[in-house]
Amino acid sequence: MSLDSPSLGEEWQQDKSFAPSLAFSQQANIQDVDIYAKAEADSEGYWADWANQLEWSKPWDTILKWNPPHAKWFLGGQLNVSVNCLDRQLAQRGDNRAIVWEGEPGDQRTITFNELAHEVRKFSNVLKSLGIQKGDRVTLYMPMVPEAAVAMLACTRIGAVHSVVFGGFSADSLKERTIDCGSKLIITADGFWRRGKIVPLKHTTDEAVADCPTVTNVVVLKRIGEAAGISMNEGRDLWWHDLMETASDDFPAEPMDSEDPLFILYTSGSTGKPKGILHSTGGYLTGVYATTKWIFDIKDSDLYWCTADIGWVTGHSYVVYGPLANGATVFMYEGSPDWGVSDGGIGKVSHAQNTDRARFWEMIERHKITILYTAPTLIRTCMKWGAELPASRDLSSLRLLGSVGEPINPEAWLWYNEHIGKGNCPIVDTWWQTETGAIMISPLPGITSTRPASATRPFPGIVADVVDEKGVSVPDGKKGILVIRKPWPSMLRTLWGNDERYKQVYWSKFPGLYFPGDGALRDKDGNFWLLGRVDDIMLVAGHNISTMEIESALVEHPAVAEAAVIGREHDVKGQAPVAFVIIREGHGLDSSNKESIAALSAELKEFVGKKLGPICRPEDVIITADLPKTRSGKIMRRLLRDIAEGRLLGDTTTLADPAIVASLKDKYTSDES
Ligand code: WT7
């Protein structure tokens, strides 16, 4: 993004403001408008008050030790995450529902806190029996099923560090992430249902594990059964249900130091290799507990649905840890938003027969879901499918809506408000990152007057600012770069195995200030407007994808000499990857033959999709003779974006003359340095 990019129009100057209703405000978990000032006056005391609401087996001595850029919170204290999410809830809420789950074919399960705690204690024993010790890494490559939460919580119970890899990622991605953190164990399933088809997790795991020397076992959950057609590798692979059958239900939780690592989650980096974001125990739990309570206004009476997959940080913080630490009931769904409940038996219905673009609304009606937290890409997709679909269902159980993942454009915000919230639900547009662990900028739904497309104010205790390239605060109303001025409990502690890179990526641009990599503007009322990434990370359907990662994949193809990838604006996904590639001499491509160019483009799209997962598949691959570069050798991404978005050449899919981009270069080089 350049800071004068058109991604934010002048919405922030329009005076469209939505105040919470009196009825909502009067029941809200936080009603005190002075909370911002109080948190600012004594931020350490404020965070300690939050941490005090958790259960600690040993109290801390020091709230914060800040040795920039390394923070330690609640030092000397000990606690266990699974105790806070489970054991602590049992006396009051043992029989309350912890998880309400629905599979894509329509099969359902309800799991109480008592039952979840039982499963977690047993699975903790399973992990121990497989030789997993405190501090060991465990990779999870799982579908959206309750067992994913069981496995995560069991890791926390024994003090193992989980690394969840999104089930849509490829074998290469799984392999790279498993090797990087040296996991001993992978927990997966035979597969899961998506759009009526089986996603073959176990097959993909087999492919990955072949090259992962540290992995000694693979635990396989049976989600599909026969139809998955998997084979078990004798001695290495074990069935989840076999191990659980004999496991004891008794497992005293391991007391963990507040700063002990809790999990690693990989996120794309601009240099290509994914970054292993490391979160620690006490601070992280404090952050997700606090934000869930106030931002989602969560109560025992709610049925709360965050649609994120556990493979993303949103799934960690707001499907599992934040809600369960609050004793809340979480709804979980396995599949796709456009696939209907199967009537021909589980998994028997073929793709073409079972499209149901009202599935989400149908489930909200049937389960009486009260809080919905989803992504702008989903909202835009639903807008495209038409307002008749949500209108055909009773959504009156909803009382609060949330958005996360990328800037939500005002049209989508207003549509969400009108067609899903029916004007009755506050909308919390929540800005945060894998690195921040918990929500950083968001309305407090009982207090804040919202503005479409603004995430409004930093959460109490979070000190955010907008600065220029030199790190100096810019005046309100001016675009700049977002920074966080003070450490916060749920911040990442480092990058796994690479503290230098941690310092360089987040703390070297402005020494002493955390640099999230987003552009922002603060208006005269103190509302923050997020403007997208300032670097070369794309946001595809809410997922952070690095242009470099796709470029690296492309050049592995024998035909490709060089590649440049940019994110093209996309009305549903936010951004879609588009690749410009130079073909190797001697590859024998006839550049005057449109058909052979098209065939090679298609092949390269497939190549990337297979290598990195479908989400990274370029929407277009444009073959070119040259790439426009600055004199210092940096690819002129802005020019490529102009081409890809049709500002220079119109529809690029018809771009069959590889010389065109090259000729543009000369024309535009002069105004880039
Ligand atoms: C990047 C972080 C946070 C979980 C999902 C993504 C963008 C996220 C918003 C929002 C504007 C947003 C930012 C951020 N982003 N939420 N409400 N408004 N932008 O986690 O993959 O770590 O990506 O997502 O650019 O830096 P992530």
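In this predicted model, Trp-56 has a relative accessibility of 16% and therefore counts as buried, since the limit for that class is under 20%. Phe-74 is likewise classed as buried, because its relative accessibility is 0%. The ring centres of Trp-56 and Phe-74 lie 5.7 Å apart and their planes stand at 65°, so that this pair is edge-to-face. The pair links distant parts of the chain, given that Trp-56 belongs to the loop between helix H3 (43–51) and strand S1 (62–67), whereas Phe-74 belongs to strand S2 (residues 70–75), 18 residues apart. Phe-74 also pairs with Trp-60, with ring centres 4.9 Å apart and planes at 55°, and this pair is therefore tilted. Because Trp-60 is found in the loop between H3 and S1 while Phe-74 is found in strand S2, the pair ties together parts that are 14 residues apart in sequence. With a relative accessibility of 17%, Trp-60 counts as buried.

These ring contacts belong to a wider set, for the structure holds 33 aromatic pairs. One aromatic cluster is formed by Tyr-46, Trp-47, Trp-50, Tyr-289, Trp-294 and Phe-459. Aromatic rings also face charged groups: the charged end of Arg-109 is placed over the ring of Trp-101, at 5.8 Å from its centre, and the charged end of Arg-457 is placed over the ring of Tyr-36, at 3.9 Å from its centre.

Attention now turns to the strands. An open sheet with mixed pairing is formed by 8 strands, which follow the order S12-S11-S8-S6-S7-S14-S15-S23. Strand S12 (237–239) and strand S23 (494–495) each have a single partner strand and stand at the edges, so one side of each is left without a neighbour in the sheet. Within this sheet, strand S14 (residues 261–267) and strand S15 (residues 275–280) run antiparallel and are joined by 6 bridges, and Phe-263 has His-279 in S15 as its bridge partner. Two helices pack on the sheet. Helix H10 (residues 281–295) touches S14 and S15, and its direction makes about 85° with that of S15, whereas helix H11 (residues 313–325) touches strand S7 (161–164) and S14, with a direction that makes about 140° with that of S14.

The nonpolar interior was examined next. The largest nonpolar core has 137 residues, and those with the most contacts inside it are Leu-116, Phe-123, Ile-187, Trp-240, Phe-296 and Tyr-321. Helix H6 (residues 146–158) gives the most to this core, contributing 9 residues. When neighbours within four places in sequence are left aside, the contacts of Tyr-321 include Met-152, Leu-153 and Thr-156, as well as Phe-263, Tyr-284, Leu-285 and Val-288. A second core, separate from the largest one, has 28 residues, among them Trp-305, Phe-331, Leu-398 and Ile-408.

A further group of paired strands involves S21, S22 and S24. In strand S22 (residues 479–484), 5 of the 6 residues are buried, so this strand is largely enclosed by the rest of the structure. Strand S21 (residues 464–467) pairs with S22 in the antiparallel sense over 4 bridges, and Val-467 stands opposite Ile-481 in S22. The pairing between S22 and strand S24 (residues 518–522) is also in the antiparallel sense, over 3 bridges, and here Ile-481 stands opposite Gly-519 in S24. In a regular strand, side chains alternate between the two faces of the sheet. In S21, Ala-464 and Val-466 point one way and Asp-465 and Val-467 the other way, and all are buried.

The loop between strand S20 (427–430) and S21 holds Gln-433. Gln-433 counts as buried because its relative accessibility is 9%. Apart from neighbours within four places in sequence, Gln-433 is in contact with Val-313, Tyr-514, Pro-516 and Arg-533.

Technical notes: Residues numbered from 1 in each chain as written. Predicted model: local features only at pLDDT ≥ 70, side-chain atom pairs only at ≥ 80, totals over all residues. Heavy atoms only, no water. Pairing = 2+ DSSP bridges. Contact = heavy atoms within 4.5 Å. Axes fitted to C-alpha atoms, helices over the stretch in contact; angles between N-to-C directions. Phe/Tyr/Trp six-rings, centres within 6.5 Å; stacked < 30°, edge-to-face > 60°. Buried < 20%, exposed > 50% of the residue type's maximum accessible area, 1.4 Å probe, protein only. Lys NZ or Arg CZ within 6 Å of the ring centre and 35° of its normal. Core = buried A, V, L, I, M, F, W, Y, C linked by side-chain atoms within 4.5 Å.
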